[in-house]
Amino acid sequence: AEYLSDRETNKKIFDILSEPDNYPIYFHCWGGADRTGTIAFLLNAVLNVPLCDLINDYEATSLSIWGIRSRNTSLFDEFWKALDLYEGDTVNEKATSFMLSSGVTKEQIERIKEILLE
């Protein structure tokens, strides 16, 4: 949940992702789990990836040096509860609402979709 509270950083990252000239993009954090996993989750959710795939991808961050990341942990539960506060019926809509509330524009989200989706 703490990574959802850093709206400024999330906006900066999505600003970068919305510019075609910035690609290819490689993003990571020191451990390869929490910050990276949160951004990957939000990005893929905005791209309308199904919830089961979002969770499986998040759990794959267990391969980092920080150990098990599971949908059954308090860390994921806090993240999920924080995301659930945003408008929408699906995780995809909630992630989009979160990004819009962080200052990312609809146009930026559409550009990201144009860049990353076939």
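## Gln 108, tucked away

In this predicted model, Gln 108 has a relative accessibility of just 9%, so it counts as buried, the cut-off being under 20%. You'll find Gln 108 in helix α6, which covers residues 106–116.

What does Gln 108 touch? Setting aside neighbours within four places in sequence, Gln 108 is in contact with Lys 11, Phe 14, Asp 15, Ser 18 and Gly 103. With Asp 15 there's a polar contact, side chain to side chain, at 2.7 Å.

## The two sides of α6

Gln 108 has buried company in α6: Ile 109, Ile 112 and Lys 113 are buried too. These four span an arc of only 140 degrees around the axis, so they sit on the same side of α6. Here's a handy bit of background: an α-helix has 3.6 residues a turn, so residues three or four places apart point the same way.

Now flip to the other side of α6, where Lys 106, Glu 107 and Glu 114 are exposed.

## Where α1 crosses α5

Two packed helices are described by the angle between their axes and the distance between the axes. Take α1 (residues 7–17) and α5 (residues 91–101): their axes come within 9 Å and cross at roughly 100 degrees. Since 65 to 115 degrees counts as roughly perpendicular, that makes α1 roughly perpendicular to α5.

Which residues meet here? From α1 come Arg 7, Asn 10 and Phe 14, and from α5 come Phe 98, Met 99 and Ser 101. Sorted by class, this contact has three nonpolar residues, two polar and one charged. Phe 14 should ring a bell: besides its part in meeting α5, Phe 14 is in contact with Gln 108.

Notes: Residues numbered from 1 in each chain as written. Predicted model: local features only at pLDDT ≥ 70, side-chain atom pairs only at ≥ 80, totals over all residues. Heavy atoms only, no water. Axes fitted to C-alpha atoms, helices over the stretch in contact; angles between N-to-C directions. Helix = DSSP H or I, 4+ residues; strand = E, 2+ residues; numbered from the N terminus. Parallel < 35°, antiparallel > 145°, perpendicular 65-115°, else oblique. Contact = heavy atoms within 4.5 Å. Nonpolar A, V, L, I, M, F, W, Y, C, P; charged D, E, K, R; others polar. Buried < 20%, exposed > 50% of the residue type's maximum accessible area, 1.4 Å probe, protein only. Polar contact = N/O pair within 3.5 Å; in protein donor to acceptor, adjacent residues only side chain to side chain. Arc of directions from axis to C-beta.
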